[in-house]
Amino acid sequence: EMLEKAGYDHFMLKEIYEQPRSIRDCLRGRISPSEGTVQLGGLKDYDEKLKNANRIIIIACGTSWHAGLVGEYLIENYARIPVEVEYASEFRYRNPVVSEKDIVIAISQSGETADTMAAIELAKSKGALILGICNVVGSSITRLTDGGAYTHAGPEIGVASTKAFTAQVTVISLMAFYMAQLRETTSPTVLKELITELDSIPTLVEKCLATEEATKYIAEEIKDAVSCLFLGRGTGFPVALEGALKLKEISYIHAEGYPAAEMKHGPIALIDDELPVVVVATKTSSYKKVLSNIQEVKARKGKVIAIITEGDEKIKKEADFVIEIPDAHESYLPLLATVPLQLLSYHVALLRDCNVDQPRNLAKSVTVE
Ligand code: G6P
């Protein structure tokens, strides 16, 4: 087992550190930055259907569902197809409206999740085209789907998903660009810029790994918290959800992810000097609004931990702690900002003596209902 962990104390840490490589593997052969194009072999038979799609329904569970939410932002923004993101367990039992004009994208690391499989069967029986985003080659879901793309993240052993998530986000971004290219809904110049930047994301993720020292320090500050709030807006919202899920999964601290602007409709009542609030506050189009959310938390004596764009002196002055990540297009925020949050959960869990790789009551793959 020591050999498999390649010198890391836990599989989770090893898998966090593998992300520059896993994202690179996921991109290999699929993008051409010089031409500004995306190729996805597992989608090309369905070009006509994708061009004329009425709606996309993304089906997943757990962390994979968070990757689906990122997909909603990107597909709607670039490919202009309406997207719904559904928990497989809810979708399968609520008599959903699905037709042959719909395209379902099922996201699953293991490719074996029972609820996701049942949701696929249901959508299939109503005539929808089913595409998959899976990590495990040859898994059940890959056999149920009509097409799709592998994440190529390699085996993920830690129960809490890390590198599989960033690879899923990478694939769904590629799918969004592929559809935008087919449907001509985004200008070739913009697509080219996005694809060129995507090519450099593995290098930026490497830089995000350098936040580990800062996350160790902050982990000391939040290790005894009873509860923790994670806030984000736009593409930072799924990041907040995923950050909260990681923390609760492996450190057993109650954590909640919330859209920053919804704070005033509830979570603000929880804020006092005991509540750490992790805010995804990088320089995106909602920067100013998030900054004012930080001020609202500070006014109620909350402890703010902000993920910021490197060099942001303004938020440094407002927040109690900051974690700096490289500047990038906001479409890529989930690929970068998630990394320090994974590291933060890892270090909190270590300080609390939790079993990082095999948290209590959780399974890597949930093959029963
Ligand atoms: C379990 C795992 C999670 C995972 C979820 C969905 O709860 O512990 O890490 O996100 O299942 O699994 P899937 O294999 O379908 O992505």
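1. Let me start in the middle of the chain. Strand E8 (residues 227-232) and strand E10 (residues 276-280) run parallel and are joined by 3 bridges. If you want a pair to click on, take Leu229, which stands opposite Val277 in E10. Keep in mind throughout that this is a predicted model.

2. E8 has a partner in E9 as well: these two pair in the parallel sense over 6 bridges. Here a handy marker is Cys228, whose bridge partner in E9 is Ala255. To get from E8 to E9 the chain goes through helix H11 (residues 236-251), and this β-α-β crossover is right-handed.

3. Now zoom out to the whole sheet. Which order do its strands take? Reading across, it goes E9-E8-E10-E11-E12, an open sheet of 5 strands with parallel pairing. Strand E9 (254-259) and strand E12 (321-325) are the edges, each pairing on one side only. Neighbouring strands are turned against each other by 20 degrees on average, with direction ignored.

4. A general reminder while you look at side chains on these strands: in a regular strand they alternate between the two faces of the sheet.

5. Earlier in the chain you will find another open sheet, with 5 strands in the order E4-E3-E5-E6-E7 and parallel pairing. Its edge strands are E4 (83-87) and E7 (147-150), and each of these pairs on one side only. The twist from one strand to the next averages 20 degrees.

6. For a closer look at that sheet, go to strand E3 (residues 55-60). E3 pairs with E4 in the parallel sense, over 5 bridges. One contact to look up is Ile57, which has Glu84 in E4 as its bridge partner.

7. Next, the ligand. Which residues come nearest to it? Of the 16 residues around the ligand, the answer is Gly62, Thr63, Ser108, Ser110 and Thr113. Helix H4 (residues 62-79) gives the most to this shell, with 3 residues.

8. What classes of residue make up the shell around the ligand? By class there are 10 polar residues, 5 nonpolar ones and 1 charged one. If you are colouring the site by residue type, those are the counts to check your picture against.

Note on methods
Residues are numbered from 1 along each chain as its sequence is written. This is a predicted model: local features need pLDDT of at least 70, side-chain atom pairs count only at pLDDT 80 or more; totals for chains, interfaces and linings use all residues. Two strands pair if DSSP finds at least two bridges between them. Helices (H or I, at least four residues) and strands (E, at least two) are DSSP runs, numbered from the N terminus. Axes are lines fitted to C-alpha atoms, for helices over the stretch in contact, and angles run from 0 to 180 degrees between N-to-C directions. A residue is near a molecule or strand if its C-beta atom, placed from the backbone, lies within 6 Å of it. Ala, Val, Leu, Ile, Met, Phe, Trp, Tyr, Cys and Pro count as nonpolar, Asp, Glu, Lys and Arg as charged, and the others, Gly among them, as polar. A crossover is right-handed if, with the strands pointing away from the viewer, the path from the first strand over the helix to the second runs clockwise.
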